[in-house]
Amino acid sequence: MTSGGPLAGRTIVVTRPRAQAAPLAEAIAAAGGKPLLFPLLEIAPAADPAPLAAAVADLPQYSLAVFISPNAVDHAVPAILARGAWPAGLRPAAVGPGTVKALAAHGIANCLVPAERFDSEALLELPELAATAVDGRRVAIFRGDGGRELLADTLRQRGATVDCITCYQRSGPTAGADELLAAWRAGRLDALTVSSSEGLRHLCELLDGEGMACLRATPLFVPHARIAESARALGLDKIILTAAADAGIIAGLVAYNWLA
């Protein structure tokens, strides 16, 4: 942590899965803050590897491969590339820039991705996913267990044949919230960053009455309106909606009036 910077003296909780936490934590530290890593989602390979193996074997038959998250890339692409090169006729697509970066790390480029909002709705607005483009085509969606069905359902309505492949599974944190409670009690927890409605629900389940009172009094920075809605439904109201991705979260943290 640097001694100066706009976040100097501020402890900011980073709740991304551990494998994706480093870039945001490093950006907080570069701004002078102290990142406190507290993953709200644990990521593991899918319980049943057969669907991924079947999809990989059939991948040249698809026109579009959509990766919902960097975790989807990490758990699917190594299996794909283990069989050979990325299929020449297969266009990759991603919901956000973190996933594009994860694909690029494997040498996979020319990825479809929204320019501003990073969600299924924005991806579906791209002309390459219009009905005229996907009608009669096969689409593979690599994702975790559960999640929203909007993308798959809409593409099917537009005439595509869609297969959803579960390549990883999510679960809540295995440890308790003692670390957060200790930081709150010591007066050294200034804000939380949350990038998942599911993760936020896990956090609320972990906290007792004292912890929830602390959470309600702590600024909560979220990069999507859907997460903000989930936070309000959980009884939280000190919510700061930022622009998307890590850059948006950092901008929100730096612009926040900490003395208000």
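## Helix α2, a parallel sheet and a set of salt bridges

In this predicted model, helix α2 (residues 50–57) keeps Leu-52, Ala-55 and Val-56 buried, where buried means under 20% relative accessible area, exposed over 50% and partly exposed in between (1.4 Å probe, protein chains only). The three residues sit on the same side of α2, because they cover an arc of only 100 degrees around the axis; the arc is that of the directions from the helix axis to the C-beta atoms. An α-helix has 3.6 residues a turn, so residues three or four places apart point the same way. The cover over the buried residues of α2 includes α3 (70–82), β6 (138–144) and β7 (161–171).

A word on conventions: residues are numbered from 1 along each chain as its sequence is written, and side-chain values use heavy atoms, with hydrogens and water left out. Because the model is predicted, local features need pLDDT of at least 70 and side-chain atom pairs count only at pLDDT 80 or more, while totals for chains, interfaces and linings use all residues. Helices (H or I, at least four residues) and strands (E, at least two) are DSSP runs, numbered from the N terminus.

Now to the sheet. Five strands form an open sheet with parallel pairing, in the order β2-β1-β8-β9-β10; two strands pair if DSSP finds at least two bridges between them. β2 (34–37) and β10 (239–241) are at the edges, each with a single partner strand, so one side of each has no neighbour in the sheet. From one strand to the next, the twist averages 25 degrees. Four bridges join β1 and β2 in the parallel sense, and Thr-11 stands opposite Lys-34 in β2. Helix α1 (residues 22–30) packs on this sheet, touching β1, β2 and β8, and its direction makes about 155 degrees with that of β2. Contact here means heavy atoms within 4.5 Å; axes are lines fitted to C-alpha atoms, for helices over the stretch in contact, and angles run from 0 to 180 degrees between N-to-C directions.

Ser-196 is worth a look too. This residue lies in the loop between β8 (191–193) and α9 (197–206). A polar atom of the Ser-196 side chain is 3.0 Å from the backbone nitrogen of Gly-199. Leaving aside residues up to four places away in sequence, Ser-196 touches Leu-41 and Ile-227.

Finally, the charged pairs. The whole structure holds ten salt bridges, each a side-chain nitrogen of Lys or Arg within 4 Å of a carboxyl oxygen of Asp or Glu. Three of them are listed here.

| Salt bridge | N to O distance |
|---|---|
| Arg-10 and Asp-190 | 3.4 Å |
| Asp-119 and Arg-117 | 3.6 Å |
| Glu-210 and Arg-185 | 2.7 Å |

The Arg-10 and Asp-190 pair links distant parts of the chain, 180 residues apart: Arg-10 is in the segment before β1 (11–14), and Asp-190 is in the loop between α8 (178–185) and β8. Arg-10 is partly exposed at 22% relative accessibility, whereas Asp-190 is buried at 17%. In the second pair, Asp-119 is buried with a relative accessible area of 5%, and Arg-117 is partly exposed at 40%. The pair of Glu-210, in helix α10 (residues 209–216), and Arg-185, in helix α8, spans 25 residues. Here Glu-210 is partly exposed at 34% relative accessibility, and Arg-185 is exposed at 57%. Salt bridges with shared partners also join Asp-58, Arg-138 and Asp-163 into one network.

Conventions
A polar contact is a pair of N or O atoms within 3.5 Å; within protein, one must be able to donate a hydrogen and the other to accept it, and residues adjacent in sequence count only if both atoms are side-chain atoms.
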